[in-house]
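Grab a coffee and open your viewer. Here are a few exercises to work through, each with its solution spelled out.

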Amino acid sequence: MTGTNAEKITVVWKAYLALVLAFALCAFAVIRGEATFGISRYFYLKVDLLGFVTATAIIVVAAALTQPMPRPWITAILALNPPRIRSWHLAVIATILTILGTRFIYHGYAFSMDEWMTQMQAEIFRNGHLSGIVPEEWRAYGGAMYHSFAAYDPLTGRVASDYRPGMAALYALFDLAGSGVYTAAILNGLAILLTAAVALKLWPGRGDIALLAAFLVFSSQQALATAMTSYAMSAHLCFNLLWLYLFLRNDWWGHIGAVLVAAATTALHQIHVHLFFAVPFFFILLRPFRPGLLVFYGIGYAASLLLVYSWDWWSINQHLTGTETAARNLLERVIRIIRIPSLNEALTIAANLVRFVAWQNLILLPLIAACGHALVKDKWLRLLAAATIMSLLPYIFLMPDQGHGWGYRYLHGLIGPVALIGAYGGTRLLAAGKDSRSIVFLGMVAIASIFVMLPLRAWQIHGEVTPFARATAFAKAQQADVVIVDSERIFIGGDIVRNSAIAPSRPIQMRLGQLTPEQISALCRDHTVIYLGPEQFPKDIDLISFAAADLEDEENYLRKIALLNSNICNS
């Protein structure tokens, strides 16, 4: 083996050593409370650390069991000529798996409020409106009926998602065919196809790179998990790849399509997700200099941003006047949250990057490392790497932690680009020596990533989502005018409350934390009210709860509970 090939093989072992070390350091920082915050920290401790341990065990066991494969065995395997796997096979399998997962693992549930906002706004769109209207008798309680992620105006009763409308519009469109809950699953399948298509645009004739890249997206734990949700992240992954494919066509139809896709992508969720990804690729238009095309993209992106801000004005300022939300604008939001990251936030960003890698196929990082100097020499690898780094920048200064999410969802749109980089490195590694012990080792790890890590993630996600799905169903099944959920003592208890924005029906669900004692008295006087605290939910619904003494305002909380337990609420 040549020195260069030996170096390519050695980098695999170094990459895994670095990864296992990163697992240990991040676990230490999170357990000590020096990285991640709030709900994100909870998931890191409950979900991600077990993933780290399992991934480490896979790497160690595979390294111990792997032996170099004799040349005659390799020759015999290659002679078998098995049926050729194509990227569309992987796309179909992934779509079927995630549709089944959406039904049986995720229960078709919107686990986080980010996901619920998509479904709530989609219902509004399906009914031909931009916002819903809360009936007059409930308007005083809108703040308790709808999460703070919803924009609500108590003067007019109008309510809508405070997110941009793209994902909700897609969900509503798919729902016309009864498949809204499977929107992300279908988009994830398309992303696998687009990954292979982009690979062939970047490296024509390299079907091996295209197939390996598609496989890396197909076997991404994060991609499959997020495809069961109604987050906008699967759409970002799909649309970024579609934009890149159209851009690489390098004809006017392709560029027109890319601008249209950019407009749709900008409206999905947050405007920066696509913009930071796309910027590095525009440098292609500088050499040779193509001013007309640059102006065309500039006008197209400016129009896209104008449309997005028009939505903000129309849906919030125009329809939801008189609220704090109406006064906010993008500049105010950015100024409010932008900052130089503290040490804790820097550690959080590092912990989330390791989390992102841990939720991919476990061979991805070594394959990226195997690219070696090609990351600098190959133009396309440079641009893909630059797009990845650029996309990380907003989260360093704006949002170091993500809250809910499977893996590191803020970088979900980059699964395709990093898979393309990894696939390029993988083909270089294979060329370095098919009988290498490292190749056999990687094969074992890749298989374990599918048959060990994916079932583990399914079990973890099911365990986290099921109690909340059952709690929401239990609250909706109560025979009363109003159900008040104890959002103060039940961990993430406010997320149990779900009311339609079009036609809220009894029982109207409310969050205890957003009600005043006076409002509780009025509700109990005029309606039948049921209180659901930690003790009122069935024992087999495993919800985490706090003691009243642990609350910041125990006195006010106990006053509310006393009212709910008094004769006025139980007459």
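**Exercise 1: two positive phi values**

Take His107 and decide whether this residue is buried, partly exposed or exposed.

Solution. Start with the accessibility: His107 comes out at 34%. Buried would need under 20% and exposed over 50%, so His107 counts as partly exposed. Keep in mind that this is a predicted model. Next, check the backbone: phi of His107 is positive, about 65°, although the residue is not a glycine. Finally, place it in the fold: His107 sits in the loop between helix 4 (87–104) and helix 5 (113–126).

Now do likewise for Thr36: is this residue buried or exposed?

Solution. The relative accessible area of Thr36 is 4%. The cut-off for buried is under 20%, so Thr36 is buried. Its phi is near 70°, again a positive value in a residue other than glycine. As for location, look in the loop between helix 1 (3–31) and helix 2 (38–65).

**Exercise 2: a small sheet**

Work out which strands stand at the edges of the open three-stranded sheet.

Solution. First write down the strand order, which is 1-3-2, with antiparallel pairing. Strand 1 (132–133) and strand 2 (150–152) each have a single partner strand, so they stand at the edges and one side of each lacks a neighbour in the sheet. Now zoom in on strand 1 and strand 3 (residues 158–161): two bridges join this antiparallel pair. In one of the pairings, Gly132 has Val159 of strand 3 as its bridge partner. Last, add the helix: helix 5 lies across strands 1, 2 and 3, at about 125° to strand 3.

**Exercise 3: cis peptide bonds**

Find where Pro288 and Pro507 lie, and see what joins each to the residue before it.

Solution. Begin with Pro288, in the loop between helix 13 (272–278) and helix 14 (291–318). The bond from Arg287 to Pro288 is cis, with omega about 0°. Then move to Pro507, in the loop between strand 4 (482–485) and strand 5 (508–511). Arg506 and Pro507 are also joined by a cis peptide bond, with omega about 0°.

**Exercise 4: inside the core**

Which residues touch the most other members of the largest nonpolar core?

Solution. The core has 107 residues, and the ones to pick are Tyr16, Trp203, Trp243, Phe281 and Tyr297. Follow Trp243 outward: beyond its neighbours within four places in sequence, its contacts include Ala258, His274, Phe281, Tyr297 and Tyr301. Apart from the largest core lies another one, of 36 residues, including Ile124, Met145, Tyr152 and Leu523.

Key
Residues are numbered from 1 along each chain as its sequence is written. This is a predicted model: local features need pLDDT of at least 70, side-chain atom pairs count only at pLDDT 80 or more; totals for chains, interfaces and linings use all residues. Side-chain values use heavy atoms; hydrogens and water are left out. A nonpolar core is a set of buried Ala, Val, Leu, Ile, Met, Phe, Trp, Tyr and Cys residues joined through side-chain atoms within 4.5 Å. Buried means under 20% relative accessible area, exposed over 50%, partly exposed in between (1.4 Å probe, protein chains only). Contact means heavy atoms within 4.5 Å. Helices (H or I, at least four residues) and strands (E, at least two) are DSSP runs, numbered from the N terminus. Two strands pair if DSSP finds at least two bridges between them. Axes are lines fitted to C-alpha atoms, for helices over the stretch in contact, and angles run from 0 to 180 degrees between N-to-C directions.
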